[in-house]
Amino acid sequence: MLYIVTALKSEAQAFVEKYKLGKKSVDNFSIFQNKNITLIVSGIGTKRAKDATEFLIKKFALKGGDIFINVGICGACKIHEIGRLLKIGSIIYKERNYILDRNAACSITCVDEEMSEHLHDIADMESFGFYEATKEIKNRHIYKIVSDHFEPDMVTKDGTKKLILNAIENIVKEVTK
């Protein structure tokens, strides 16, 4: 089973449309499923991402071949073009570095508030929560798509969905190979 955690409904909508996922509400979470994929919308922030990911782990019987991914948009400096898919290898949170995947070169800074200035190379608001919840899971990945250059007011729901939709095939191919 492929378990996906997104923060935003617009991020989830790309997967819902591509894989024809059905919706149900379970314990205040929006869950989208088919026979191969279970997706949860966490909401914004590390605590929400952690809570939603832990809910998936506890609610569903996990098997050794299960894959967990956190997919979402991120802000980045201008050397990263809009729409670029990034496989995250490490997370910086509150000045500490956490290694997720030594084979992935990108490091992301997880922040607690939306950023509108270039203080980090790449930043999001959920990666550390996902990391914390999946510490005991071997097959876990974080993929982020650059949505803006620290201009969060430029990000739209439709634009977010399109960015994710453009990256889905590459993400799924990468994690299921």
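A pocket, in this report, is an open set of grid points with protein on both sides within 12 Å along at least five of seven lines, and its lining residues have an atom within 4 Å of a point. Keep that in mind as you look at the structure above, which is a predicted model.

**The largest pocket**

The largest pocket has a volume of about 570 Å³. Its lining is made up of 31 residues, and L8, I44, I73, E114 and V155 are the ones that lie nearest its centre. Which elements give two or more residues to this lining? They are helix 1 (9-19), strand 5 (67-76), strand 9 (122-124), strand 10 (140-148) and helix 4 (157-176). Strand 5 gives the most, with six residues. If you sort the lining by class, you find 14 nonpolar, eight polar and nine charged residues.

**The nonpolar cores**

Now turn to the largest nonpolar core, which has 29 residues. Within this core, I40, L56 and I91 touch the most other members. Several elements give two or more residues to the core, including strand 1 (2-6), strand 3 (29-33), strand 8 (106-110) and helix 3 (127-133). Helix 2, strand 5, strand 6 and strand 10 also give two or more. Strand 6 provides the largest share, four residues. Another core, of 24 residues, lies apart from this one, and among its members are A12, A14, I37 and V71.

What does L56 touch, once residues up to four places away in sequence are left out? The list is Y3, I4, V5, I31, T38, I40, L62 and F68.

**Salt bridges**

Side chains of opposite charge can pair when their charged atoms come close. How many salt bridges does the structure hold? There are ten. Three of them are set out here.

| Pair | Closest N to O distance |
|---|---|
| K47 and D51 | 2.8 Å |
| K162 and D158 | 3.2 Å |
| K87 and E174 | 3.8 Å |

Let's start with K47 and D51. Both lie in helix 2 (residues 46-59), four residues apart, which is about one turn of the helix. How accessible are the two partners? K47 has a relative accessible area of 60%, so it counts as exposed. D51 has a relative accessible area of 29%, so it counts as partly exposed.

K162 and D158 have a similar story to tell: both are in helix 4, four residues apart, about one turn of the helix. D158 is partly exposed because its relative accessibility is 43%, and the range for that label runs between 20% and 50%.

The pair K87 and E174 links distant parts of the chain. K87 is in strand 6 (residues 85-93) and E174 is in helix 4, with their positions 87 residues apart in the chain. K87 counts as partly exposed at 21% relative accessibility, and buried would mean under 20%. E174 is also partly exposed, at 32%. These two residues belong to a network of salt bridges that links K87, D101, E174 and K177.

**One more residue in helix 4**

K173 is another residue to find in helix 4. Is K173 buried or exposed? With a relative accessible area of 58%, K173 is exposed. Along the chain, K173 and Y3 are 170 residues apart, and their C-alpha atoms are separated by 14 Å. Y3 has already appeared above, as one of the residues that L56 touches.

How values were computed:
Residues are numbered from 1 along each chain as its sequence is written. This is a predicted model: local features need pLDDT of at least 70, side-chain atom pairs count only at pLDDT 80 or more; totals for chains, interfaces and linings use all residues. Side-chain values use heavy atoms; hydrogens and water are left out. On a 1 Å grid over the protein atoms alone, a cavity is a set of points where a 1.4 Å probe fits but cannot get out, and a pocket is an open set with protein on both sides within 12 Å along at least five of seven lines; lining residues have an atom within 4 Å of a point. Grid points are joined across faces, edges and corners, and a volume is the space filled by probe spheres set on the points. Ala, Val, Leu, Ile, Met, Phe, Trp, Tyr, Cys and Pro count as nonpolar, Asp, Glu, Lys and Arg as charged, and the others, Gly among them, as polar. A salt bridge is a side-chain nitrogen of Lys or Arg within 4 Å of a carboxyl oxygen of Asp or Glu. Buried means under 20% relative accessible area, exposed over 50%, partly exposed in between (1.4 Å probe, protein chains only). A nonpolar core is a set of buried Ala, Val, Leu, Ile, Met, Phe, Trp, Tyr and Cys residues joined through side-chain atoms within 4.5 Å. Contact means heavy atoms within 4.5 Å.
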